[in-house]
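Here is a short set of exercises to work through with the model open beside you. Try each task yourself before reading its solution.

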Amino acid sequence: MSGQVAARDRLIVGLDLPTIAEAEKAVAALGDAVSFYKIGYQLAFAGGLDFARELAAGGKKIFLDMKLLDIDNTVAKGVENIVRMGVTMLTIHAYPKAMRAAVEAARGSSLCLLAVTVLTSMDEQDVIDAGYEYDPHTLVLRRAEQAAAAGMGGIVCSAAEASAVRAIVGPDLAVVTPGIRPAGAAHGDQKRVMTPADALAAGASHLVVARPILGAPDRLVAARSILAEMAAAA
């Protein structure tokens, strides 16, 4: 999936900001350099769903990071309404029944459903504490297999697992990697991180970057630097 796609369409900037005003400021600063934005819980609960519709109507691509998980009917009805929003990507927790319900609800639309495998903030002890018998790598691969079988459009995983996931899902599914940090950047609360070039080399199709851009003194310069690294690695 990634080979013929320009860096600008593979970089997803996470609008992890507390208000719509701050998100609007970030989008204005990044201008035409960035075409793809992620909206997650923080902004969603501050008016971000309407903002997502506005951005989509204005030609931007939107990755709606809602990590849906519920009974089949509730997931399906949620996905049906999200399809109408015009967003590009939506996350579902990689539970087989939830994924199958989401796939059926999105059938015939252009919405790319992404299976969330293991959060990049979790290490092996965190997975054990959550009650799983697998280490993070094994759990990611098991869920990738289940996502592919369910007909999902892609996988969200750490870049550390991107190569193994790509081998499972083949060339056509999206492999979206958060936890991307340019060389020398602070890791924050992310425990499984990788540079943009290394993530692409590992098989990622899209990179999610928030703090290294939003926290930079000049957001546009930071975004262009990451895009240049991605373009050089392609």
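Helices here are DSSP runs of H or I with at least four residues, numbered from the N terminus. By that rule, methionine 99 is found in helix α4. Keep in mind throughout that this is a predicted model.

**Exercise 1. The barrel**

Task: Work out in which order the strands close into a barrel, and whether the pairing is parallel or antiparallel.

Solution:
- Step 1. Begin with strand β1, residues 11-14. Three bridges tie β1 to β8, and the two strands run parallel. Within this pair, valine 13 has valine 209 of β8 as its bridge partner.
- Step 2. Look at the pairing of β1 with strand β2 (residues 36-39): two bridges, again in the parallel sense. Here glycine 14 is partnered by lysine 38 in β2.
- Step 3. Move on to strand β3 (residues 61-68) and strand β4 (residues 89-93), which run parallel and are joined by three bridges. Phenylalanine 63 stands opposite methionine 89 in β4.
- Step 4. Put the ring together: eight strands close into a barrel in the order β1-β2-β3-β4-β5-β6-β7-β8, with parallel pairing. From one strand to the next, the twist averages 25°.

**Exercise 2. Strand β7 and its neighbours**

Task: Find which strands pair with β7, and how many bridges join it to each.

Solution:
- Step 1. On one side, strand β6 (residues 154-156) is joined to β7 by three bridges, and the two run parallel. Glycine 154 stands opposite alanine 174 in β7. Between these strands the chain passes through helix α7 (residues 162-169), and this β-α-β crossover is right-handed.
- Step 2. Strand β8 (residues 206-209) also pairs with β7 in the parallel sense, over two bridges. Valine 176 has histidine 206 in β8 as its bridge partner.
- Step 3. For comparison, go back to the start of the chain: β1, helix α1 (residues 20-30) and β2 likewise make a right-handed β-α-β unit.

**Exercise 3. Two faces of a strand**

Task: Decide whether the residues on the two faces of β7 are buried or exposed, then do the same for β1.

Solution:
- Step 1. Recall that side chains in a regular strand alternate between the two faces of the sheet.
- Step 2. In β7 (residues 174-177), Ala174 and Val176 lie on one side, with Val175 and Thr177 on the other; all of them are buried, and both faces are covered.
- Step 3. In β1, Leu11 and Val13 share one side while Ile12 and Gly14 take the other, and again all are buried.
- Step 4. Contrast this with lysine 67, whose place is in strand β3. At 22% relative accessibility, lysine 67 counts as partly exposed, because the cut-off for buried is under 20%. Lysine 67 also has a positive phi of about 45°, although it is not a glycine.

**Exercise 4. How the helices cross**

Task: Classify the crossing of α4 with α6 and of α6 with α7 by angle and handedness.

Solution:
- Step 1. The axes of helix α4 (residues 96-106) and α6 come within 9 Å and cross at roughly 30°. Angles under 35 degrees count as roughly parallel, and α4 and α6 are therefore roughly parallel to each other. Their crossing is right-handed.
- Step 2. For helix α6 (residues 136-150) and α7, the axes also come within 9 Å, crossing at roughly 25°. That makes α6 roughly parallel to α7. This crossing, too, is right-handed.
- Step 3. Return to methionine 99 in helix α4. Methionine 99 is buried, with a relative accessible area of 0%. Its C-alpha atom is 7.0 Å from that of methionine 152, although the two are 53 residues apart along the chain.

**Exercise 5. Two cysteines**

Task: Explain why cysteine 157 has no bond to the sulfur of cysteine 112.

Solution:
- Step 1. A disulfide is a covalent bond between the sulfur atoms of two cysteines. To count as one here, the sulfur atoms must lie within 2.5 Å.
- Step 2. The structure holds zero disulfides. Cysteine 112 is in none, and its nearest cysteine sulfur is that of cysteine 157, 13 Å away.
- Step 3. Seen from cysteine 157, the closest cysteine sulfur is that of cysteine 112, and because the distance is 13 Å, it is too far for a bond.
- Step 4. Now check the surroundings: cysteine 112 is buried at 15% relative accessible area, and cysteine 157 is buried at 0%.

Technical notes:
Residues numbered from 1 in each chain as written. Predicted model: local features only at pLDDT ≥ 70, side-chain atom pairs only at ≥ 80, totals over all residues. Heavy atoms only, no water. Buried < 20%, exposed > 50% of the residue type's maximum accessible area, 1.4 Å probe, protein only. Pairing = 2+ DSSP bridges. Right-handed = clockwise from strand over helix to strand, strands pointing away. Axes fitted to C-alpha atoms, helices over the stretch in contact; angles between N-to-C directions. Parallel < 35°, antiparallel > 145°, perpendicular 65-115°, else oblique. Left-handed = near helix turned anticlockwise from the far one by under 90°.
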